[in-house]
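Visitor: Could you take me on a close look at the place where the ligand sits? I would like to hear about its contacts, its surroundings and the space around it.

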Amino acid sequence: MSGASPVIRKATPADQPRIHAIRMGVRENVLSDPSRVTDAEIAWYRDQAIFLVAEAGGDIAGFTCANHQTGLIWALFVDPDHEGQGHGRALLDAALAALASAGIVQAHLTTGAGTRAERFYRRHGWRETGRSLDENVVFVKPLG
Ligand SMILES: CC(C)(COP(=O)(O)OP(=O)(O)OC[C@H]1O[C@@H](n2cnc3c(N)ncnc32)[C@H](O)[C@@H]1OP(=O)(O)O)[C@@H](O)C(=O)NCCC(=O)NCCS
């Protein structure tokens, strides 16, 4: 791996500006309407669900949010400058482990068709179940 090994830890409120910058800086799965992600949702994931960041060299390289009640991977985003160094995999593995610990037997998510993320999920054993109304790929992955 290039750079320092990532450390996966829980997100804190102080991380939010950097997390927001990463979310707005990705080149694929761009957020078409930022107002659709509310402060209340972000606080809920941080305080009550699963919200993890990957740290490398003192910087936050990426983050993930998962819903321990439903098994949804709500977000997985890595700064384009930090892609291809294992942060996405480390974050996803940690989120899936946390979901499994919460008793979830199958995780699910949606992602844009034809993206790096779609290829990434397929390589990591996610199975497409179809397309959503907005033509995103719907993926599931059994846990355990
Ligand atoms: C999809 C996404 C999360 C992947 O993150 P990433 O950090 O680049 O992922 P990884 O580095 O773990 O893996 C990607 C590839 O990088 C390479 N890679 C992984 N670890 C590596 C390492 N230690 N050294 C060199 N290359 C490595 C591999 O080719 C790997 O492919 P593999 O999974 O078959 O091993 C990221 O590209 C992203 O945020 N995309 C934009 C936003 C998005 O679409 N998010 C998903 C919304 S649902």
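**The ligand and its pocket**

Guide: Happy to. Let's begin with a contact: in this predicted model, an N or O atom in the side chain of R116 is 2.7 Å from an oxygen atom of the ligand. R123 also takes part through its side chain, with a polar atom 2.4 Å from an oxygen atom of the ligand. With G86 the backbone is involved instead: one of its N or O atoms lies 2.7 Å from a ligand oxygen. As for cover, the ligand on its own has 940 Å² of accessible area, and the protein covers 76% of that.

Now step back to the shell. The ligand is surrounded by 22 residues, and N29, E83, G84, R123 and H124 are the closest. Sorted by class, this shell holds 9 polar, 8 nonpolar and 5 charged residues.

Where does the ligand sit? The space it takes is the largest pocket. Four elements each give two or more residues to the shell around the ligand: the strands β4 (73-78) and β5 (106-111), and the helices α3 (87-101) and α4 (116-123). Of these, α4 supplies the largest share of the shell, 5 residues.

The pocket itself can be described in the same way. The volume of the largest pocket is about 1,300 Å³. Its lining counts 49 residues, and those nearest the centre of the pocket are R23, N29, A75, L76 and F77. The elements that each contribute two or more residues to this lining are α1 (16-25), α2 (39-47), β3 (59-66), β4, α3, β5 and α4. While α4 gives the largest share of the ligand shell, β4 gives the most to the pocket lining, with 6 residues. By class, that lining is made up of 22 nonpolar, 15 polar and 12 charged residues.

To follow this on the structure, you could start from R116 and R123, whose side chains each have a polar contact with a ligand oxygen, go on to the backbone of G86, and then look at N29, which is listed among the closest residues to the ligand and among those nearest the centre of the pocket.

How values were computed: Residues are numbered from 1 along each chain as its sequence is written. This is a predicted model: local features need pLDDT of at least 70, side-chain atom pairs count only at pLDDT 80 or more; totals for chains, interfaces and linings use all residues. Side-chain values use heavy atoms; hydrogens and water are left out. A residue is near a molecule or strand if one of its heavy atoms lies within 4 Å of it. A polar contact is a pair of N or O atoms within 3.5 Å; within protein, one must be able to donate a hydrogen and the other to accept it, and residues adjacent in sequence count only if both atoms are side-chain atoms. Accessible areas come from the Shrake-Rupley method with a 1.4 Å probe; for residues, only the protein chains shown count as cover. On a 1 Å grid over the protein atoms alone, a cavity is a set of points where a 1.4 Å probe fits but cannot get out, and a pocket is an open set with protein on both sides within 12 Å along at least five of seven lines; lining residues have an atom within 4 Å of a point. A molecule sits in a cavity or pocket if more than half of its atoms lie within 2 Å of its grid points. Ala, Val, Leu, Ile, Met, Phe, Trp, Tyr, Cys and Pro count as nonpolar, Asp, Glu, Lys and Arg as charged, and the others, Gly among them, as polar. Grid points are joined across faces, edges and corners, and a volume is the space filled by probe spheres set on the points.
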